[in-house]
Amino acid sequence: MEGMIRTVLGGIKSADAGVCQCHEHLFIEMGKPYSLAKSLYMDDLGKSAEELRGYRAAGGSLIVDAQPVFAGRMAENLAAASEASGVHVVASTGFYKTDFYEEGAYIFRSDESQIAGLFISEFENGMISSQKDGGKPLDARAGMIKTAIDTGGIFADGTYAKLFSAAAEAAARTGMPVMCHIEQNADALHVVDFFEKRGIEPGRLLICHLDRARYDFAYHKEVLDTGVYLEYDTINRPKYISNREELSLIAAMLEAGYEDRILLSLDTTNARLRAYGADMGLDYIIKEFVPLLKAAGAGDGQIRKMQSLNAQQALTIKN
Ligand SMILES: [Zn+2]
């Protein structure tokens, strides 16, 4: 049976997704995120579309925007930028760390079934347009559920427990894949166990940031052994880890036989993108990092899996 990936412009065959980067930020609306870090504001359609055109010219085909609903996501812009550039864009419903929301935001005042209902509706009916709730759904629909675990774990407080339960419910109902932000030193295995107990198998989970959150090869293997996709998305971000460390981590995981489970991405913001005045493009992995991977011993088949085939499987809607 042929799999499908849900993009903002409609469904595409998974096998047609080409080269993918499963965790980028194309737009972030002005709001609470900006008050936490000045890099977390980017709303220029022209500049983000320019980045996407550069990505496409280099051979890129699909980007997942990891900004979830009510946390600065700009759904209309995602659809417009995809149309302008020809790059497939997958949008996220779900949630991020709770300190990214204003006091009284929907994640605090809504109960689990209301939140699950929102995530499901964003897949079935269309995304809501901005941070202001109550608007009518757009034509563009979500294709990914974003989640985020903080150091305290899922059961540290009632809000995270409620949000994760809502995400599991929405994943079970819609078949969407689930991406999880792992905060420094948070436990990825806890997340895998939580979803598995609720019927979401590990092959539907994309675990993000473990390269910077816990640089421990044995731990990575333990997480990979569960069957999740592990996304290495701290590439060219030396304030966390160097490219040399990233390459030795990837080489070790390839050596250990995990080539079917690794994804590559950049987790960009305006502080790193060329179109916003910084020094790197969304095309960095294709143009600069793949040659480094080859020099580090990765084979063409392994690179094709990490850039394309694994993501095509990970993003497929399961139902
Ligand atoms: Zn991110």
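**Exercise 1.** Which side chain makes a polar contact with the side chain of threonine 316? Also decide whether threonine 316 is buried or exposed.

*Solution.* Note that this model is predicted.
- Step 1: Find threonine 316 in the segment after helix H12 (300–314).
- Step 2: Look for its polar partner. The side chain of serine 14 lies at 2.7 Å in a polar contact.
- Step 3: List the contacts beyond four places in sequence. They are Gly3, Met4, Ile5, Ser14, Gly175 and Pro177.
- Step 4: Check the accessibility. Buried means under 20%. Threonine 316 has 10% relative accessibility, so this residue counts as buried.

**Exercise 2.** Identify the residues that coordinate the zinc ion, and place them along the chain.

*Solution.*
- Step 1: Read off the donors. They are His23 (NE2), His25 (NE2) and Asp267 (OD), at 2.1 to 2.3 Å.
- Step 2: Write their spacing in sequence: H-x1-H-x241-D.
- Step 3: Place two of them. Histidine 23 sits in strand E3 (residues 19–24), and aspartate 267 in the loop between strand E11 (262–264) and helix H11 (284–295). This pair is 244 residues apart and links distant parts of the chain.
- Step 4: Check burial. Histidine 23 is buried, at 1% relative accessible area. Aspartate 267 is buried too, at 7%.

**Exercise 3.** Describe helix H5 (residues 112–124), from its start to what follows.

*Solution.*
- Step 1: At the start, a side-chain oxygen of aspartate 111 comes within 3.2 Å of the backbone nitrogen of serine 113.
- Step 2: Compare the span. The 13 residues reach 18 Å between first and last C-alpha, close to the 18 Å expected.
- Step 3: Name buried residues, including Ile115, Leu118 and Phe119. The buried residues of H5 pack against strands E1 and E6 and helices H4 and H6.
- Step 4: After H5 comes glycine 126, with a positive phi near 140°.

Notes
Residues are numbered from 1 along each chain as its sequence is written. This is a predicted model: local features need pLDDT of at least 70, side-chain atom pairs count only at pLDDT 80 or more; totals for chains, interfaces and linings use all residues. Side-chain values use heavy atoms; hydrogens and water are left out. Helices (H or I, at least four residues) and strands (E, at least two) are DSSP runs, numbered from the N terminus. Buried means under 20% relative accessible area, exposed over 50%, partly exposed in between (1.4 Å probe, protein chains only). A polar contact is a pair of N or O atoms within 3.5 Å; within protein, one must be able to donate a hydrogen and the other to accept it, and residues adjacent in sequence count only if both atoms are side-chain atoms. Contact means heavy atoms within 4.5 Å. Donors are N, O and S atoms within 2.8 Å of the metal (3.2 Å for Na, K and Ca); water is not among the atoms, so sites may look incomplete. The expected span of a helix is 1.5 Å times one less than its number of residues.
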